[in-house]
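Thank you all for making the time this morning. I would like to walk through one structure with you, going from the chain as a whole to a few places that reward a slower look.

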Amino acid sequence: MATTEEQIDKKTEESKLSDEELNQIDKIIEENQGEEGILINVLHKVQKIVGYLPREIQIRVATGLDIPFSKVYSVVSFYSLFSTTPRGKYTIEICTGTACYVKGAEEVLKRIKDELKIEPGETTEDNLFTLETARCIGACGMAPVVVVGDDVHGRIEPDKVSDLLNQYR
């Protein structure tokens with residue numbers, strides 16, 4: 001029986017993962033089999049392990065949860081929480097909402113772009129940071145706001161960007 005391109009791609013992508021990572025993914029899937037409305041939670045947990053959700057991992061989740069791949073793909077492609085491309089260890093989100101913009105978010109963003117040498121939507125070569133912008137973080141009283149991973153940093157001044165980034169290097 002001939003090996004299909006999809007099987008080769010799956011093998012290639014999954015071979016980048018350690019046995020431990022694959023076991024963790026399988027355990028998450030197994031723990032949630034038969035549960036209704038669990039897909040987003042499963043995808044979120046799997047993305048925390050892999051860092052993103054390539055097609056091959058989406059297929060593994062779909063197969064393990066016995067749901068159509070199209071359902072998994074539609075959830076992954078709909079929610080900005082999920083990524084199908086490799087992301088940095090830390091995602092940096094700069095709020096560009098009105099309050100943050102007025103308080104200097106544009107200059108903070110410029111400083112981060114200059115220091116990391118990437119644009120929003122890109123990841124640094126060392127896979128440490130992925131840069132994103134957000135319309136509103138919901139912390140207007142702390143404007144301008146930068147979120148790094150799960151950490152919210154308020155009242156960020158452009159000349160303090162290096163210090164902020166160094167906390168995560």
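Of the 169 residues in the chain, buried residues make up 38%, and I should say at once that what you are looking at is a predicted model. Along its principal axes, the C-alpha trace spans about 60 × 35 × 25 Å. The secondary structure comes to 8 helices and 4 strands, and if you read the elements from the N terminus on, the order is α-α-α-α-α-β-α-α-β-β-β-α. If we take the contacts in the chain with a separation of 6 or more, residues 24 or more positions apart account for 63% of them.

Let me begin with helix H4, residues 55-65, which is mostly covered, since 9 of its 11 residues are buried. Among those buried residues of H4 are Glu56, Gln58 and Arg60, along with Ile57, Ile59 and Val61. The residue that follows H4 is Asp66, and its phi is positive, near 55 degrees.

Now to the cysteines. Which residues does UniProt list for "binding site"? The record, an unreviewed entry, gives Cys95, Cys100, Cys136 and Cys140. These residues span 46 residues in sequence, yet no two of their C-alpha atoms are more than 9.2 Å apart, so they gather at one spot. Two of them can be placed in some detail, beginning with Cys95, which lies in strand S1, residues 90-95, and which counts as buried at 4% relative accessibility. Leaving out residues up to four places away in sequence, Cys95 touches Cys100, Ala105, Ala134, Arg135, Cys136, Ile137 and Val145, a list in which two of the residues from the record, Cys100 and Cys136, appear. Cys136, for its part, sits in the loop between strand S2, residues 129-134, and strand S3, residues 146-148, and with a relative accessible area of 51% Cys136 is exposed.

The loop between S2 and S3 also holds Met142, which is partly exposed, with a relative accessible area of 29%. Met142 and Arg155 are 13 residues apart in sequence, while their C-alpha atoms are 5.3 Å apart in space. Again not counting residues up to four places away in sequence, Met142 touches Val152, His153, Gly154 and Arg155.

On the other side of S2 in sequence, the loop between helix H7, residues 105-116, and S2 contains Thr124. Is Thr124 buried or exposed? With a relative accessible area of 8%, Thr124 is buried, and a polar atom of its side chain lies 3.2 Å from the backbone nitrogen of Leu128. Beyond its neighbours within four places in sequence, Thr124 is in contact with Leu116, Ile118 and Phe129.

That brings us to the aromatic rings, where a search of the whole structure finds 4 aromatic pairs. One of them is the tilted pair of Phe69 and Tyr73, at 6.1 Å centre to centre and with 35 degrees between the planes. Both residues lie in helix H5, residues 69-78, where they are 4 residues apart, about one turn of the helix. Phe69 is partly exposed, with a relative accessible area of 26%, and Tyr73 is also partly exposed, with a relative accessible area of 44%. A second pair is formed by Tyr90 and Tyr168, whose ring centres are 5.0 Å apart and whose planes stand at 65 degrees, so the pair is edge-to-face. This pair links distant parts of the chain, with Tyr90 in strand S1 and Tyr168 in the segment after helix H8, residues 161-166, 78 residues apart. Tyr168 is buried, with a relative accessible area of 10%. Phe129, which we met as a contact of Thr124, joins Tyr90 and Tyr168 in one aromatic cluster.

Finally, the pockets. How do we look for open space in a model? Rolling a probe the size of a water molecule over the atoms shows where empty space is left. The largest pocket has a volume of about 830 Å³, and of the 25 residues that line it, the closest to its centre are Gln47, Gly51, Leu81, Arg87 and Thr91. The elements that give two or more residues to this lining are helix H3, residues 39-50, together with S1 and S2.

Key: Residues are numbered from 1 along each chain as its sequence is written. This is a predicted model: local features need pLDDT of at least 70, side-chain atom pairs count only at pLDDT 80 or more; totals for chains, interfaces and linings use all residues. Side-chain values use heavy atoms; hydrogens and water are left out. UniProt positions are given in the numbering used here, feature names are shortened, and annotations may be inferred rather than shown by experiment. Buried means under 20% relative accessible area, exposed over 50%, partly exposed in between (1.4 Å probe, protein chains only). Contact means heavy atoms within 4.5 Å. A polar contact is a pair of N or O atoms within 3.5 Å; within protein, one must be able to donate a hydrogen and the other to accept it, and residues adjacent in sequence count only if both atoms are side-chain atoms. Rings of Phe, Tyr and Trp (its six-membered ring) pair if their centres lie within 6.5 Å; planes under 30 degrees apart count as stacked, over 60 as edge-to-face and the rest as tilted. On a 1 Å grid over the protein atoms alone, a cavity is a set of points where a 1.4 Å probe fits but cannot get out, and a pocket is an open set with protein on both sides within 12 Å along at least five of seven lines; lining residues have an atom within 4 Å of a point. Grid points are joined across faces, edges and corners, and a volume is the space filled by probe spheres set on the points.
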